[in-house]
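Me: I should like to learn how to read individual features of a protein model. May we work through one together?

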Amino acid sequence: MIYIIMALYPEAQPLVDALQLKRTKTNEIYDSFQDEKQEITLVLTGVGKVRAAVAVSHICTKHQVGAEDFLLHIGSCAGKEVGNLYIGNQIQDMETGRQYYPDILFRHNLPERGIVTVERVLEEGLPEVKEQCDGRDSLSEEEMLYDMEASGVYQGCVPYLGQHQMAFLKVVSDRGEGGKVTPEKLREFMVQCVPEIVSFIDGIRGYIASLQRSKPDDEEMQWREKLYQGIHCSATMRVQAEQLLHYLWLSGGDYHTVLEEDFRLGVLPCKDRKEGKKYLGELKKRLL
């Protein structure tokens, strides 16, 4: 199941129409919509990170989400390029300074940005917010988007789903200068971005389908174990490596040749875990 989390109906309506979702009567707390095949459920949480966190936690618990589910958060935000659609590669809670990192393991064509979740609607422009965030983030002003739900959505779902089972799409609706964004404007921005969003959802469908295929054979498992030992995996690193290699295997990516060459050149095995962690990050960039 793909769970789409959005705050407001004017944002959601164009997607509800495009995906032919119908309002459901099974959820008594939150307005929700579902397709006929019951592959997609869209839920409205209301505005703010606390509401988002509570709603997402409720949904994950009620529906008993698992390894073949995916959570997609879509919403509006403040940023420099009004009308553009981005995917979040980093989320920062402005109040706490905590940072989170979703991990997309399938190809997409969306530009990436960091998302800063704030407590209130911005009224003084983006540079002012940048000053308030100094010391808490490493993102440049050009890379930052500002919303009110993303960190809450992340915290609500992370006890139930892996970081590779979530994504955050944001449409820039304003520059944070205090002008009111009307429901009509929200709909207009979303309508413009619906084709890209639907294409991204199709990518999620393909990813879920790939997870339902057969299990790796003995030779594949031997290659994986060779990498785990070669980078001195911690428990966390092993989970990250397993997710990467399993995706590559399912998608037909030839990582065996890459590892074989790195072992031949002496790049592998790494001398310690620190070097192994760096290698794993570089391997992901090379192969995805």
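Reply: Certainly. Please note that this model is predicted. Let us begin with the cysteines: a search of the whole structure finds zero disulfides.

Me: How does one judge whether a cysteine is bonded, and why is Cys193 not bonded to Cys77?

Reply: A disulfide requires two cysteine sulfur atoms within 2.5 Å. The closest cysteine sulfur to that of Cys193 belongs to Cys77, and it is 9.9 Å away, which is too far for a bond. For Cys270 the closest is in Cys233, at 9.6 Å, again too far for a bond.

Me: Is Cys270 buried or exposed?

Reply: A residue is called buried when its relative accessible area is under 20%. Cys270 has 4%, so it is buried. Cys193 is also buried, because its value is 2%.

Me: Which contacts does Asp93 make?

Reply: First locate the residue: Asp93 belongs to strand S6, residues 85-93. Asp93 is buried, because its relative accessibility is 2%. Leaving aside residues up to four places away in sequence, Asp93 touches Lys49, Arg98, Thr117, Ser151 and Gln155. With Lys49 there is a polar contact between the side chains, at 2.8 Å.

Me: What should I note about the backbone at Gln38?

Reply: Consider the sign of phi. Gln38 is not a glycine, yet its phi is positive, near 60°. Gln38 sits in the loop between strand S3 (32-34) and strand S4 (40-44), and it counts as exposed because its relative accessibility is 52%.

Me: Which peptide bond is cis?

Reply: Here one reads omega. The bond from Leu268 to Pro269 is cis, with omega near 0°. Pro269 lies in the loop between helix H8 (255-265) and helix H9 (273-287).

How values were computed
Residues are numbered from 1 along each chain as its sequence is written. This is a predicted model: local features need pLDDT of at least 70, side-chain atom pairs count only at pLDDT 80 or more; totals for chains, interfaces and linings use all residues. Side-chain values use heavy atoms; hydrogens and water are left out. Helices (H or I, at least four residues) and strands (E, at least two) are DSSP runs, numbered from the N terminus. Buried means under 20% relative accessible area, exposed over 50%, partly exposed in between (1.4 Å probe, protein chains only). A polar contact is a pair of N or O atoms within 3.5 Å; within protein, one must be able to donate a hydrogen and the other to accept it, and residues adjacent in sequence count only if both atoms are side-chain atoms. Contact means heavy atoms within 4.5 Å.
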